[in-house]
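The following exercises are to be worked with the sequence and the three-dimensional structure at hand. Each task is followed by a solution in steps.

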Amino acid sequence: KMADLGLRRELRQPFDVELLREGAYWRTLGLIVSADDDPRHLVIDEVWEPSLIAEWNRGCPDDRRVRAGDLITAVNGQQPSSEQMLDLIHACGKHCSVTLTIR
């Protein structure tokens, strides 16, 4: 199964997900992430509903949906370490926009 995830990662083009922390789920991006073997990425382990990312997934084509196994490779256009990416995500409060680059 992990080989399938790796293959899917190679076939997918990177895309940006812009989330505005507003509305009923502003506190909940809806992603459970962990550090990857490569310290420049975060691995998406789970996608929760209801959440901002679940709303994003409902409103976009299948090839732009965020799924378990995807990688976050940048936050707000920055490509720091995975720890720093988490800090950037957590620093974004209500009414803030956060852009995740997904591969």
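**Exercise 1.** Which residue in β5 does Asp-16 stand opposite?

*Solution.* The model is a predicted one. Begin with the two strands concerned: β1 covers residues 15-20, and β5 covers residues 97-102. These strands run antiparallel and are joined by 6 bridges. Within this pairing, the residue opposite Asp-16 is Thr-101 of β5.

**Exercise 2.** Assign the residues of β1 to its covered and uncovered faces.

*Solution.* Start from the general rule: side chains in a regular strand point alternately to the two faces of the sheet. Next, read off the residues of β1. Phe-15, Val-17 and Leu-19 form the covered face, whereas Asp-16, Glu-18 and Leu-20 form the uncovered face. Asp-16, the partner of Thr-101 in Exercise 1, therefore belongs to the uncovered set, given the alternation seen in β1.

**Exercise 3.** Describe how β2 and β3 are arranged.

*Solution.* First, locate the strands: β2 spans residues 31-35 and β3 spans residues 42-47. Second, establish the sense of pairing, which is antiparallel over 5 bridges. Third, consider the connection: the two strands form a hairpin, with 6 residues between them. One bridge can then be named, that of Val-33 with Ile-44 in β3.

**Exercise 4.** What lines the largest pocket, and how do the lining residues divide by character?

*Solution.* The volume of this pocket is about 220 Å³. Its lining includes Arg-21, Trp-48 and Leu-100, as well as Val-33, the residue already met as the bridge partner of Ile-44. The elements giving two or more residues to the lining are β2 and α3 (82-91). By character, the lining consists of 8 nonpolar, 3 polar and 1 charged residues.

**Exercise 5.** Where does Trp-26 lie, and which residues is it in contact with beyond its neighbours within four places in sequence?

*Solution.* Trp-26 is found in the loop between β1 and β2. With those sequence neighbours set aside, its contacts are Arg-21, Leu-52, Gly-93 and Lys-94. Arg-21 is also part of the pocket lining. A distance completes the picture: the C-alpha atoms of Trp-26 and Cys-96 are 9.2 Å apart, although 70 residues separate the two in sequence.

**Exercise 6.** What is the order of helices and strands along the sequence?

*Solution.* The protein contains 3 helices and 5 strands. Followed along the sequence, they give the pattern α-β-β-β-α-β-α-β.

Methods:
Residues are numbered from 1 along each chain as its sequence is written. This is a predicted model: local features need pLDDT of at least 70, side-chain atom pairs count only at pLDDT 80 or more; totals for chains, interfaces and linings use all residues. Side-chain values use heavy atoms; hydrogens and water are left out. On a 1 Å grid over the protein atoms alone, a cavity is a set of points where a 1.4 Å probe fits but cannot get out, and a pocket is an open set with protein on both sides within 12 Å along at least five of seven lines; lining residues have an atom within 4 Å of a point. Grid points are joined across faces, edges and corners, and a volume is the space filled by probe spheres set on the points. Ala, Val, Leu, Ile, Met, Phe, Trp, Tyr, Cys and Pro count as nonpolar, Asp, Glu, Lys and Arg as charged, and the others, Gly among them, as polar. Two strands pair if DSSP finds at least two bridges between them. Buried means under 20% relative accessible area, exposed over 50%, partly exposed in between (1.4 Å probe, protein chains only). Contact means heavy atoms within 4.5 Å.
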